[in-house]
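The following exercises are to be worked with the sequence and the coordinates at hand. Each task is followed by a solution in steps.

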Amino acid sequence: MPVSRELFRAISSSFPTGVVIVATLDERGEPKGLTSQAYVGLSTEPPLMLVAIDRTSRTLPAMRKHRAFVINFLKEDAEDVATLFASKSEEKFRNLRWEPSPEAGGAPILRDLSLAYAACRVTEEYEAGDHIIFVGSVEAGETFGGTPLMYYKRAYAAWPEERPAPPVEQAR
Ligand SMILES: Cc1cc2nc3c(=O)[nH]c(=O)nc-3n(C[C@H](O)[C@H](O)[C@H](O)COP(=O)(O)O)c2cc1C
């Protein structure tokens, strides 16, 4: 018999992770996004990244339609924004500076809040329980460095030290 919901959550929350905002555009061209931990740097050759989105997410229809997204890897000072993007607010982008990614069809890059971002085009979509898995081909990205925002046992914290961004010969 599968484990209970409570035990599943307790096991899952024993794993500290970084935090990303997955951002896309809806059919009217309005930005949509959510806070996520379910990120995997899946494949280097070809470059693929994976995110998983809950069936109840309001961002999900936009992801399915737009078929491109930006993964914004958050810095420590983005905690308030991470909390906002984990809510059901209709105005998540209202007070945020963002720029459209040409390689992700205009999906939002949150440059000021991020250690790095990856602009992806959806190559595959899988149903998996109450989530939909999106695999994206990484078309562009940049790294900026800074201190990462982490999530563990349902609370945010900063990574204990800052490390320089890795050198990248070809960032875009
Ligand atoms: C740290 C953290 C990680 C999360 N990870 C995910 C995730 O990987 N996938 C997901 O669908 N929701 C995840 N959520 C929940 C969503 O952020 C939340 O349901 C949000 O309200 C969805 O917004 P939307 O309905 O506007 O898309 C996470 C929340 C937090 C706080």
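## Exercise 1. The environment of Val-40

Val-40 is exposed, because 12 other C-beta atoms lie within 10 Å and a residue counts as exposed at 12 or fewer. The model under study is a predicted one.

Task: Place Val-40 in its strand and determine which residues it touches, leaving out those up to four places away in sequence.

Solution.
- Step 1. Strand S4, which spans residues 39-43, contains Val-40.
- Step 2. With residues up to four places away in sequence left out, Val-40 touches Met-49 and Leu-50.
- Step 3. A further distance locates Val-40 in the fold: Arg-64 is 24 residues away in sequence, and the two C-alpha atoms are 19 Å apart in space.

## Exercise 2. The chain as a whole

Task: Decide how the radius of gyration of the chain compares with the globule rule for 172 residues.

Solution.
- Step 1. Begin with the secondary structure: the chain has three helices and twelve strands.
- Step 2. The radius of gyration is 16 Å, and the globule rule gives 16 Å for 172 residues, so the chain is as compact as a globular protein of that length.
- Step 3. Along the principal axes, the C-alpha atoms fill a box of roughly 50 × 40 × 35 Å.
- Step 4. Of contacts between residues at least 6 apart in sequence, 64% join residues at least 24 apart.
- Step 5. Buried residues account for 32% of the 172 residues.

## Exercise 3. The nonpolar core

Task: Identify the residues that touch the most other members of the largest nonpolar core, and list the contacts of Phe-69.

Solution.
- Step 1. In soluble globular proteins, nonpolar side chains tend to be buried together.
- Step 2. The largest nonpolar core here has 36 residues, of which Phe-69, Val-70, Ile-71 and Cys-120 touch the most other members.
- Step 3. Not counting residues up to four places away in sequence, Phe-69 touches Val-22, Ala-23, Thr-24, Met-63, Ala-104, Ala-107, Cys-120 and Gly-136.

## Exercise 4. The sheet that contains S11

Task: Establish the strand order of the open sheet that includes S11, and assign the faces of S11.

Solution.
- Step 1. Four bridges pair strand S11 (residues 149-152) with strand S12 (residues 155-158) in the antiparallel sense. Tyr-151 is opposite Tyr-156, and Tyr-152 is opposite Ala-155.
- Step 2. S11 and S12 make a hairpin with two residues between them, and Lys-153 in the turn has a positive phi of about 50 degrees.
- Step 3. Strand S1 (residues 17-18) is antiparallel to S11 and joined to it by two bridges; Thr-17 has Tyr-151 as its bridge partner.
- Step 4. The three strands therefore form an open, antiparallel sheet in the order S1-S11-S12. S1 and S12 are the edge strands, each pairing on one side only.
- Step 5. The side chains of S11 alternate: Leu-149 and Tyr-151 point to one face and are buried, whereas Met-150 and Tyr-152 point to the other and are not.

## Exercise 5. The partners of S10

Task: Compare the pairing of strand S10 (residues 131-143) with S5 and with S9.

Solution.
- Step 1. S5 and S10 run antiparallel and are joined by seven bridges. Val-51 has Phe-134 as its bridge partner in S10.
- Step 2. Strand S9 (residues 114-128) is also antiparallel to S10, with twelve bridges. Here Tyr-117 is partnered by Glu-142.
- Step 3. S9 and S10 form a hairpin with two residues between the strands, in which Gly-129 takes a positive phi near 60 degrees.

## Exercise 6. The ligand shell

Task: Characterise the residues around the ligand by nearness and by class.

Solution.
- Step 1. Ser-36, Ala-38, Asp-54, Ser-57 and Thr-59 come nearest among the 16 residues around the ligand. Strands S3 (31-36) and S5 (48-54) are the elements that give two or more residues to this shell.
- Step 2. The shell comprises seven nonpolar, six polar and three charged residues.

Conventions
Residues numbered from 1 in each chain as written. Predicted model: local features only at pLDDT ≥ 70, side-chain atom pairs only at ≥ 80, totals over all residues. Near = placed C-beta within 6 Å. Nonpolar A, V, L, I, M, F, W, Y, C, P; charged D, E, K, R; others polar. Core = buried A, V, L, I, M, F, W, Y, C linked by C-beta atoms within 7 Å. Buried ≥ 20, exposed ≤ 12 C-beta atoms within 10 Å, placed from the backbone. Contact = placed C-beta atoms within 7 Å. Rg over C-alpha atoms; globule rule 2.2 N^0.38 Å.
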